[in-house]
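Here's a quick tour of a model you can follow along in your viewer. Keep the coordinates open while you read.

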Amino acid sequence: MYESSINDRYVDEIVQLLRDGGVVIYPTDSYYAIGCDALNNRAVERVCKIKDINPARQRLSMVCSGISQASEYARIDNDAFRILRANLPGPFTFVLPASPRLAKAFKGRKEAGVRVPDSAVARRLAEELGNPLLSTSAIWDDALPDELEHPDEVIMHFEHQVDAFVDAGDAQARPTAIIDLSDSSSPEILREGYQAIKDN
């Protein structure tokens with residue numbers, strides 16, 4: 001399924017799988033991502049187990065269809081909204097104060113990462129699901145850069161751990177920037193990405 005030709009039937013099948021607690025690999029504007037319904041506690045636990053993430057210690061990120069959906073699950077003030085509007089969709093993760101609407105794995109966390117990737121497939125999945133996808137890059141410790149670009153290599157590594165794989169061809173496989181907007185009047189770049197952030 002490619003950005004220029006999204007198959008509605010495939011989208012419906014993936015979204016139903018997500019609603020049923022499934023875990024999928026899907027394209028973004030950087031690496032392929034492992035995702036699930038961010039409101040499904042059991043599915044969130046599965047993703048954390050696959051990537052050996054401790055949700056009590058590591059920040060969890062969600063992929064949203066747009067800023068409007070993100071605002072339902074993270075608190076976005078005027079300064080943060082201005083920065084998000086100037087940069088999204090795009091290869092950025094913005095750290096924002098978390099909303100209590102998120103799954104149990106997010107509970108107790110004061111912040112969450114928000115992504116609206118420049119990938120029509122990723123945004124469409126979040127839109128049709130009706131809420132964000134918990135998302136983490138489909139990468140592994142000893143992976144070579146070339147392996148992370150190729151869908152065949154990614155699925156070979158994760159095929160027995162996920163329920164579906166959305167093949168959208170080669171990925172860009174480049175890290176996104178992470179920007180802390182928990183104090184939106186003083187944004188902090190936690191990780192440089194392959195694209196520079198715009199401030200307005």
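What follows covers the nonpolar cores, one helix pair and a few backbone oddities.

First, the ground rules: this is a predicted model, so to speak of local features pLDDT must be at least 70, side-chain atom pairs count only at pLDDT 80 or more, and totals for chains, interfaces and linings use all residues. Residues are numbered from 1 along each chain as its sequence is written, and side-chain values use heavy atoms, with hydrogens and water left out.

**Cores.** A nonpolar core here is a set of buried Ala, Val, Leu, Ile, Met, Phe, Trp, Tyr and Cys residues joined through side-chain atoms within 4.5 Å. Buried means under 20% relative accessible area, exposed over 50%, and partly exposed in between (1.4 Å probe, protein chains only). The largest such core has 25 residues, and Ile34 and Phe158 have the most contacts inside it. At least two residues each come from strand S2 (33–37), helix H2 (41–50) and helix H7 (151–158), with H2 giving the largest share, five residues. Helices (H or I, at least four residues) and strands (E, at least two) are DSSP runs, numbered from the N terminus.

Leaving aside residues up to four places away in sequence, Phe158 touches Ile25, Ile34, Ile50, Ala138, Ile139 and Trp140; contact means heavy atoms within 4.5 Å. There's also a second, separate core of 21 residues, including Ala70, Ile83, Leu96 and Ala112.

**A helix pair.** Helix H1 (residues 8–19) and helix H5 (residues 120–129) have axes that come within 10 Å and cross at roughly 60 degrees. Axes are lines fitted to C-alpha atoms, for helices over the stretch in contact, and angles run from 0 to 180 degrees between N-to-C directions. H1 and H5 are therefore oblique to each other (under 35 degrees is roughly parallel, over 145 roughly antiparallel, 65 to 115 roughly perpendicular, the rest oblique). On the H1 side, the contact is made by Asp8, Val11, Ile14, Val15, Leu18 and Arg19, and on the H5 side by Arg124, Leu125, Glu128 and Leu129.

**Backbone oddities.** Two residues that aren't glycine have a positive phi:

| Residue | Phi | Loop | Relative accessible area |
|---|---|---|---|
| Asp52 | about 55 degrees | between H2 and strand S3 (61–63) | 67%, exposed |
| Ala173 | about 50 degrees | between strand S7 (164–165) and strand S8 (177–180) | 15%, buried |

Finally, Leu88 and Pro89 are joined by a cis peptide bond, with omega about 0 degrees. Pro89 sits in the loop between helix H4 (78–87) and strand S4 (92–97).
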